[in-house]
Amino acid sequence: MKIAVTSASGQLGSAIVRQLVKEIGSENVIGIARTPAKATHLGIEVRKGDYNDRSEFDQALQGVDRVMLLSGMDAPDQRIQQHRNVIEAAKLNGVQKIVYTSIVGAEENTAFSPVVQSNRQTEQDVRESGLQWVIGRNGIYIEPDLEYLDNYIKEGEIRNCAGEGKCAYTSRGELGYAYAQMLLNHEHNGQTYNLVGEPITQAQLADLMNQVFGTKLKFHSIPIEDYLEERKAELGDFIGTVIAGIYEGIRNGVNDVPSDFERAAGRSHKSALEMIKAFQNSLKH
Ligand SMILES: NC(=O)c1ccc[n+]([C@@H]2O[C@H](COP(=O)([O-])OP(=O)(O)OC[C@H]3O[C@@H](n4cnc5c(N)ncnc54)[C@H](OP(=O)(O)O)[C@@H]3O)[C@@H](O)[C@H]2O)c1
């Protein structure tokens, strides 16, 4: 059985590839990447696949039994067609099963909602594809917050607009494990899972980071409009708006969702403290 993973050069794609290699061996896993040279370190066959190019996926999915479709990174209106290129190429090649990385979040009323809506459209396209399917809705990764630690230390605080809202974070490592099980095991077919861990507030996140890194961070909640302006000034209009929309969603409770991780992965999700410690360990290696 051959399983192909798109965006294999990225951090989530490679986490899924590494777990699949452990379970079924490198000879049964194919990486598909827009930039194949960035995926050669995975030690598997790598094929070229840019989501914008349907013909590349017509080639890349030849002889593939199951495909892992990772959500693209472009503007929401472009993503829908990009994902359709993969779905259509999968149908053409007789791929039996597709697993898709969607996202938890507000479908309306935040600046992040257009991204969530585009993911919901692809969910529908996947369900209507005629292939066997499984959908994961990813929680927010915890790693970007941890990678931002030096900035938080400089600023002496974690500052955003999430207020008292809780966010059920996950990590790429946890997702890599769950998606491998969803690809391999038939009992997941036809399921849509929230792939998240325990919900925590930003104040709790600051406390846990202090515990692990010995910092003295405090959480400072600011109004949504102020945070939006700050993020746009630092990150540009598109990414700044998306980030502000994510924290607005957390404030509104949209990331405080029940977890299906244990059903998807067959084991419990790491706690937030365990994920932060795992990140710290990864810095040492
Ligand atoms: N839950 C969260 O908190 C969160 C945060 C960020 C992103 N995401 C989502 O998570 C997924 C990827 O995350 P990641 O951590 O792996 O990000 P990453 O490490 O930045 O990797 C992004 C990947 O997307 C690939 N890519 C970009 N445009 C492409 C295209 N047109 N065709 C094919 N591949 C393309 C990149 O390929 P190259 O190597 O060629 O650049 C790279 O492999 C995406 O679905 C993204 O929407 C979720």
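The legends below describe close-up views of a predicted model.

**View 1. The open sheet of seven strands and its edges.** In this predicted model, seven strands form an open sheet in the order E3-E2-E1-E4-E5-E6-E9, and their pairing is parallel. The edge strands are E3 (45–48) and E9 (192–195), each of which pairs on one side only. From one strand to the next, the twist averages 20 degrees.

**View 2. Pairing of strand E1 with strand E2.** Strand E1 (3–5) and strand E2 (residues 29–33) run parallel and are joined by three bridges. Within this pairing, Ile3 has Val29 of E2 as its bridge partner.

**View 3. Strands E5 and E6.** Strand E5 (residues 97–103) runs parallel to E6, and seven bridges join the two strands. The bridge partner of Ile98 in E6 is Trp133. Strand E6, which spans residues 132–138, is mostly covered, with five of its seven residues buried.

**View 4. Helices H3 and H4 lying across the strands.** Helix H3 (residues 76–92) lies across strand E4 (66–69) and E5, and the direction of H3 is at about 180 degrees to that of E4. Helix H4 (113–127) lies across E4, E5, E6 and E9, running at about 165 degrees to E5.

**View 5. Ser7 and Asn109, two loop residues with positive phi.** Ser7 is placed in the loop between strand E1 (3–5) and helix H1 (11–24), and its phi is near 50 degrees, a positive value in a residue other than glycine. With a relative accessibility of 26%, Ser7 falls between the limits of 20% and 50% and therefore counts as partly exposed. Asn109 lies in the loop between E5 and helix H4 (113–127), and although Asn109 is not a glycine, its phi is positive, at about 75 degrees. The relative accessibility of Asn109 is 71%, which is over 50%, so that this residue counts as exposed.

**View 6. The oblique packing of helix H8 on helix H12.** Helix H8 (residues 202–213) packs with helix H12 (residues 272–284) at an angle of about 45 degrees, and the axes of the two helices are 10 Å apart. Because this angle lies outside the ranges for roughly parallel, roughly antiparallel and roughly perpendicular packing, H8 is oblique to H12. The crossing of the two helices is right-handed. On the side of H8, the contact is made by Leu205, Leu208, Met209, Gln211, Val212 and Phe213, while H12 contributes Ala272, Leu273, Ile276, Lys277, Phe279 and Gln280. Divided by class, the contact of H8 with H12 has nine nonpolar residues, two polar residues and one charged residue.

**View 7. The roughly antiparallel packing of helix H9 and helix H10.** Helix H9 (residues 224–235) and helix H10 (residues 237–251) pack at an angle of about 150 degrees, with 7 Å between their axes. Because the angle is over 145 degrees, H9 counts as roughly antiparallel to H10. The crossing in which H9 passes H10 is right-handed. The residues of H9 that make the contact are Ile224, Tyr227, Leu228, Arg231, Lys232 and Leu235, and those of H10 are Asp237, Ile239, Gly240, Thr241, Ile243, Ala244, Tyr247, Glu248 and Arg251. By class, the residues of the contact of H9 with H10 divide into eight nonpolar, two polar and five charged.

Conventions:
Residues numbered from 1 in each chain as written. Predicted model: local features only at pLDDT ≥ 70, side-chain atom pairs only at ≥ 80, totals over all residues. Heavy atoms only, no water. Axes fitted to C-alpha atoms, helices over the stretch in contact; angles between N-to-C directions. Helix = DSSP H or I, 4+ residues; strand = E, 2+ residues; numbered from the N terminus. Parallel < 35°, antiparallel > 145°, perpendicular 65-115°, else oblique. Left-handed = near helix turned anticlockwise from the far one by under 90°. Contact = heavy atoms within 4.5 Å. Nonpolar A, V, L, I, M, F, W, Y, C, P; charged D, E, K, R; others polar. Buried < 20%, exposed > 50% of the residue type's maximum accessible area, 1.4 Å probe, protein only. Pairing = 2+ DSSP bridges.
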